[in-house]
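Student: I have just opened this structure and would like to find my way around it. Could we go through it together?

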Amino acid sequence: MKIGLLFGSFNPIHIGHLIIANYMANHTELDKVWLVVTPQNPLKKYGSLINTYDRLEMARLATDNADNIEVSDAELKLPQPSYTIDTLTHLKEKYPQHEFVLIMGSDNLAGLPKWKNYKLILRDYQIYVYPRPGYENADLASHPSVTITMTPLMELSATFIRTALAAKKNVQYFVPDAVLKFIESKNLYR
């Protein structure tokens, strides 16, 4: 099986994440997309994330009815911080029958040279890239391992949702209903 890996903190998961995952799972040659919940991105500041298991549960609630989108807790079992190359190596060893493809935004592609062992990622894995505003011409866009997709451009961010929730604004339709109920039941991001 050809599986796309969409890494993220999903703090919280929102419709933008789901649209990207759905596009990749249904409009490319990928068989499935796994949403890999990251406990801590080494390039982001500590302390800005809610509990990892709450983020994992929200991702599961959001994808409950999806046939070809699943949630992975693979990074929860690995040393922290989470480095993509280490997770890819772990998944390749655990699931040798699958081919893994990295899914990332053009903003992450532009910053890929800052990643641990990024040359190994480019050498050993395909990367499917979705557009992000302001990052239309990343230097690595023409690399043979990189495929630029026609994924709909999404300007929605988890930061916007967290800020709106903190200000007690309505975020209905920005997150799936089950996720919104979970957020409200635990009084998250307030």
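Tutor: Happily! Helices and strands here are DSSP runs, at least four residues for a helix (H or I) and at least two for a strand (E), numbered from the N terminus. Keep in mind that this is a predicted model.

Student: Let's start with Pro81: in which loop is it?

Tutor: Pro81 comes just after a cis peptide bond, the one from Gln80 to Pro81, with omega near 0 degrees. Most peptide bonds are trans. As for its place, Pro81 is in the loop between E3 and H3.

Student: Which residue is joined to Pro12 by a cis peptide bond?

Tutor: Look at the loop between E1 and H1, where Pro12 is found. The bond there has an omega of about 5 degrees, and the residue it joins to Pro12 is Asn11.

Student: Is Phe10 buried or exposed?

Tutor: Phe10 also lies in the loop between E1 and H1. Its phi is positive, about 50 degrees, although Phe10 is not a glycine. Most residues other than glycine have a negative phi. With a relative accessibility of 2%, under the 20% cut-off, Phe10 counts as buried.

Student: And Asn187, is that buried or exposed?

Tutor: Asn187 lies in the segment after H7. Its phi is near 55 degrees, a positive value in a residue other than glycine. The relative accessibility is 52%, over the 50% cut-off, so Asn187 counts as exposed.

Student: How do H2 and H7 run relative to each other, roughly parallel or roughly antiparallel?

Tutor: Helix H2 covers residues 52–62 and helix H7 covers residues 177–186, and their axes are 8 Å apart. They pack at an angle of about 150 degrees. Angles over 145 degrees count as roughly antiparallel. That makes the direction of H2 relative to H7 roughly antiparallel.

Student: How many charged residues are in the contact of H2 with H7?

Tutor: From H2 come Asp54, Glu57, Met58, Leu61 and Ala62, and they meet Ala178, Val179, Phe182, Ile183 and Lys186 in H7. By class, the contact has seven nonpolar residues and no polar ones, while the number of charged residues is three.

Student: Which element gives the largest share of the largest nonpolar core?

Tutor: That core has 37 residues, and Leu6, Ile13, Met24, Val33, Leu35, Met58 and Ile103 have the most contacts inside it. Several elements give two or more residues to this core, among them E2, H2, E4 and H7. The largest share is six residues, and the element that gives it is H1.

Student: How many residues does the second, separate core have?

Tutor: Leu6 has contacts beyond its neighbours within four places in sequence, including His17, Ile20, Val33, Trp34 and Tyr130. One of these, Trp34, appears in the second, separate core, along with Leu5, Leu102 and Met104. The number of residues in that second core is 23.

Student: What arc do the buried residues of H3 cover?

Tutor: H3 spans residues 84–94, and its buried residues are Thr84, Ile85, Thr87, Leu88 and Leu91. What covers them includes strands E1, E2 and E4 and helix H5. Residues three or four places apart in an α-helix point the same way, because it has 3.6 residues a turn. The buried residues sit on the same side of H3, because their arc around the axis is only 160 degrees.

Student: Which helix is included in what covers the buried residues of H6?

Tutor: The buried residues of H6 are Ala158, Ile161, Ala164 and Leu165. They line one face of the helix, because they fall within an arc of 125 degrees seen down the axis of H6. What covers them includes H7.

Student: How far apart are the C-alpha atoms of Ile19 and Pro152?

Tutor: Ile19 is in helix H1 and is partly exposed, with a relative accessible area of 32%. Leaving aside neighbours within four places in sequence, Ile19 is in contact with Pro152 and Met154. Although Ile19 and Pro152 are 133 residues apart along the chain, the separation of their C-alpha atoms is 7.8 Å.

Student: Last one: what separates the C-alpha atoms of Asp139 and Asp31?

Tutor: Asp139 is in the loop between E5 and E6 and counts as exposed at 75% relative accessibility. Asp139 and Asp31 are 108 residues apart along the chain, and the separation of their C-alpha atoms is 28 Å.

Conventions:
Residues numbered from 1 in each chain as written. Predicted model: local features only at pLDDT ≥ 70, side-chain atom pairs only at ≥ 80, totals over all residues. Heavy atoms only, no water. Axes fitted to C-alpha atoms, helices over the stretch in contact; angles between N-to-C directions. Parallel < 35°, antiparallel > 145°, perpendicular 65-115°, else oblique. Contact = heavy atoms within 4.5 Å. Nonpolar A, V, L, I, M, F, W, Y, C, P; charged D, E, K, R; others polar. Buried < 20%, exposed > 50% of the residue type's maximum accessible area, 1.4 Å probe, protein only. Arc of directions from axis to C-beta. Core = buried A, V, L, I, M, F, W, Y, C linked by side-chain atoms within 4.5 Å.
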